[in-house]
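Trainee: I'm new to this one. Can we go through it together, a bit at a time?

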Amino acid sequence: MNLAVPTVLPFLFRLASNPQVPVQSGLLHLLVSIAGFSEPIGGRNEAMVRLLSSDSDHPEREQCRAMFAENASVVAMLAEDLPRPGDRANLRQAAGLV
């Protein structure tokens, strides 16, 4: 994940929540991907640490989780626009709503 992602998340939330944005569905799927990559990775899951490194090596993961949580009301609304239950759950989890 790029270090700039936490900075642009508020803008992505606003764009994805605007139905007049032509690429709205693509932005929703991008947010789902970012939510997945921002999941905490601890030392208990050694395989994931080897693959993606630990959270201490990537502070942007925690920063993304903080931005999802800070914008939880918008994230909850965006999750409702997703057709797949798993994607809705991923967004809600990233915002700390589950």
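What follows is a short chat about this predicted model.

Trainee: To start, how many helices and strands does the protein chain have?

Mentor: Read along the sequence, you get the pattern α-α-α-α-α-α. So going by the DSSP runs, the count for the protein chain is six helices and zero strands.

Trainee: What share of the residues in the protein chain is buried?

Mentor: Buried here means under 20% relative accessible area. Of the 98 residues in the protein chain, the buried ones make up 36%.

Trainee: Which helix gives the most to the largest nonpolar core?

Mentor: That core has 23 residues, and Leu9, Phe13, Leu31, Ile34, Phe68, Leu78 and Leu91 have the most contacts inside it. Helices H1 (5–16), H2, H4, H5 and H6 each give two or more residues to this core. The one that gives the most, with six residues, is H2.

Trainee: Where do the buried residues of helix H6 sit around its axis?

Mentor: In H6 (residues 85–94), the buried ones are Asp87, Leu91 and Ala94. They cover an arc of only 65° around the axis, which means they lie on the same side of H6. In general, an α-helix has 3.6 residues a turn, so residues three or four places apart point the same way. For the buried residues of H6, then, the place is the same side of the helix.

Trainee: Which helices do those buried residues of H6 pack against?

Mentor: Take leucine 91: leaving out residues up to four places away in sequence, its contacts include Leu31, Phe68 and Leu78. Taken together, the buried residues of H6 pack against H2 (24–37), H4 (59–70) and H5 (72–80).

Key. Residues are numbered from 1 along each chain as its sequence is written. This is a predicted model: local features need pLDDT of at least 70, side-chain atom pairs count only at pLDDT 80 or more; totals for chains, interfaces and linings use all residues. Side-chain values use heavy atoms; hydrogens and water are left out. Helices (H or I, at least four residues) and strands (E, at least two) are DSSP runs, numbered from the N terminus. Buried means under 20% relative accessible area, exposed over 50%, partly exposed in between (1.4 Å probe, protein chains only). The arc is that of the directions from the helix axis to the C-beta atoms. Contact means heavy atoms within 4.5 Å. A nonpolar core is a set of buried Ala, Val, Leu, Ile, Met, Phe, Trp, Tyr and Cys residues joined through side-chain atoms within 4.5 Å.
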